[in-house]
Amino acid sequence: MEIKGLDTAFEKKLLSNAKKKCKTIVLPEAGINEQVMLAGLTCAENKIAKIVMLVSDNKLLEKYNVKENSYLRVVDINNSELLPMLVNALYLKRKEKGLTEDGAKELLKNPIYFGTMMVELGLCDGQTGGATYTSADALRPALQIIKGKTPQSLISSYMIMIGENKKIGDKGVIMLSDCGLNVNPTAEDLCQICFDTVDSARKIAGFTEPKVAVLSYSTMGSAEGDSAIKSRTATKLIKEKNPDFIVDGEMQFDSAVVPSVCARKAPNSQVKGSANVFIFPDLQSGNISYKIIQRLAGFKCIGPITQGFRKPVNDLSRGADANEVIRAIAITALQCD
C-alpha cells in the first residue's frame, strides 16, 4: 500500500530511520480496528517495521485478504501456541499481587495484555496500541509488567508538533511534555521529564541543539504562586545537574518563542526566544496547549509518545487514523534498542 499524507521532511526522515532499525512491533488492536489494520499492512509492505497483528476473529483479515510474510505475522490470541507460555509468565510476574493462573488466562483475552507480554518476553520489540482503548487501559499492562527503566523511573509522555512552514522550533518541529500522563508533577518530576524529553528530542526527533523552556504564567520571578514556584524550582534542579543543553525558566510562552519579547522580559536568558522543547507545569496546561497548537496553528501532531518504560510501549489517540498509527509505529521502532 502506498503511503500518502506523510509528506513533510520530518515524517519522511522518521519512516526512513525506522526502516533501518527493522524492529518487530505488535499491534494488539489490528483485529478490531480497521485503521490499525491498514497501518499495519502499510508498514509491513513498505518495510517500516516487522508487524505482528493480534486478532480474535477473521473479519478484517478476510476483508483485506491478509497474507503472512517475512514482515507480517498474524497471531490468534485465543488459540495461539504462545498462550501457555504467556499465561505462566504473567502468573509468575503478578502472583505476589494476588493473580492466579486462571486470572492470568482471563487477562490474556485482552489483546493489550497479550501484546505487552510478547514485548516483555522479547517476542516483539515494542507495542503500539490505544486506538480503541482509553490511555489508562492501553498503558496499565505496561505499567504493571514492563515498568520503568529503573525503580525510580517516571513514566511520562511527549508530543511532537510538526509545522514546517512555521518559524518556530528546530526546522518547524517542536516537542511538548508532559501532555498525556502526569496530572500534577512535582518540581523533581519536571526535572526528570525535562531530561527524558531532551533525550527523546535527540534520539527520536533528531534535534541537534535542544533549547528548553520550563513554562509558567511567570517569567523569571515576575509573578508568584505555587505553579510558578514549582517551574522555577524545577529549572534550578535541572541547572544543578549541569545539563549539556540550553534551558531556562520559569518562562511565559511568548518569552520562550519570540526573541524580542525574551530580550525584554528575560534579557539574560540563553534561550533567546528560540525554544524548541517545552516543559509544562501540569497535565492540564500541556494538554490544552498542544490541542490549541494542533487545531488553530495547523501543526501536525504525533503523540502522546511515552518515555521511561524499560521497553517501548505507546498509546494511540482513540479514533486515530492510519497515518497517525503509522507514525506511532515508526517512533516505537526508533525507541527500541
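A surface patch here is made of residues with over 30% relative accessible area and no salt bridge, nonpolar side chains being joined within 5 Å. The model is predicted.

**Exercise 1. The nonpolar patch**

State which residues make the nonpolar surface patch, and place Met85 in the structure.

Solution. Step 1: Met85, Leu121 and Leu123 make the patch, with an area of about 230 Å². Step 2: Met85 belongs to helix H4, which covers residues 83–94. Step 3: partly exposed residues lie between the cut-offs of 20% and 50%. Met85 has 40% relative accessibility and therefore counts as partly exposed.

**Exercise 2. The five-stranded sheet**

Give the strand order of the open sheet of five strands and identify its edges.

Solution. Step 1: the order is S3-S2-S1-S4-S11, and the pairing is parallel. Step 2: S3 (72–76) and S11 each have a single partner strand, so they stand at the edges and one side of each lacks a neighbour in the sheet. Step 3: the average turn between neighbouring strands of this sheet is 20°, direction ignored.

**Exercise 3. Strand S4 and its surroundings**

Describe the partners of S4, and decide whether its faces are covered or open.

Solution. Step 1: S4 (residues 126–129) is joined to S1 (residues 24–27) by two bridges, the strands running parallel. Ile25 has Gly126 as its bridge partner in S4. Step 2: three bridges join S4 to S11 (residues 313–315), also in parallel. Gln127 is opposite Val313, and Gly129 has Asp315 as its bridge partner in S11. Step 3: in a regular strand the side chains alternate between the two faces of the sheet. Step 4: in S4, Gly126 and Thr128 are on one side and Gln127 and Gly129 on the other; all are buried, and both faces are covered. Step 5: helix H6 (residues 111–120) lies across S1, S2, S3 and S4, at about 160° to S4. Helix H7 (residues 135–145) packs on the sheet, where H7 touches S4 and S11 and makes about 170° with the direction of S11.

**Exercise 4. The six-stranded sheet**

Work out the order of the open sheet of six strands, its edges, and the helix that lies across S5, S6 and S10.

Solution. Step 1: the order is S8-S7-S9-S6-S5-S10, with mixed pairing. Step 2: S8 (246–251) and S10 (300–307) have a single partner strand each, so they form the edges, with one side of each left without a neighbour in the sheet. From one strand to the next, the twist averages 20°. Step 3: S5 (residues 156–162) and S6 (residues 173–177) run antiparallel and are joined by five bridges. Among the residues involved, Ile162 has Val173 as its bridge partner in S6. Step 4: the helix is H12 (residues 283–295), running at about 15° to S5.

**Exercise 5. Salt bridges**

Compare the settings of the salt bridges Lys63–Glu34 and Glu120–Arg310.

Solution. Step 1: the structure holds 15 salt bridges. Step 2: in the pair of Lys63 and Glu34, the closest N and O atoms are 2.6 Å apart. Lys63 is in helix H3 (residues 59–63) and Glu34 in helix H2 (residues 34–45), so the pair ties together parts 29 residues apart in sequence. Lys63 is exposed because its relative accessibility is 54%, whereas Glu34, at 28%, is partly exposed. Step 3: Glu120 and Arg310 meet at 2.8 Å, N to O. Glu120 is in helix H6 and Arg310 in the loop between S10 and S11, 190 residues apart. Glu120 has a relative accessible area of 11% and is therefore buried; Arg310, at 35%, is partly exposed. Step 4: Asp7, Glu11, Lys300 and Arg327 are joined into one network by salt bridges that share partners.

Notes. Residues numbered from 1 in each chain as written. Predicted model: local features only at pLDDT ≥ 70, side-chain atom pairs only at ≥ 80, totals over all residues. Heavy atoms only, no water. Patch = residues over 30% accessible without salt bridge, like charges linked within 9 Å, V, L, I, M, F, W, Y side chains within 5 Å. Areas by Shrake-Rupley, 256 points an atom, 1.4 Å probe, with all protein chains shown as cover. Salt bridge = Lys/Arg side-chain N within 4 Å of Asp/Glu carboxyl O. Helix = DSSP H or I, 4+ residues; strand = E, 2+ residues; numbered from the N terminus. Buried < 20%, exposed > 50% of the residue type's maximum accessible area, 1.4 Å probe, protein only. Pairing = 2+ DSSP bridges. Axes fitted to C-alpha atoms, helices over the stretch in contact; angles between N-to-C directions. Contact = heavy atoms within 4.5 Å.
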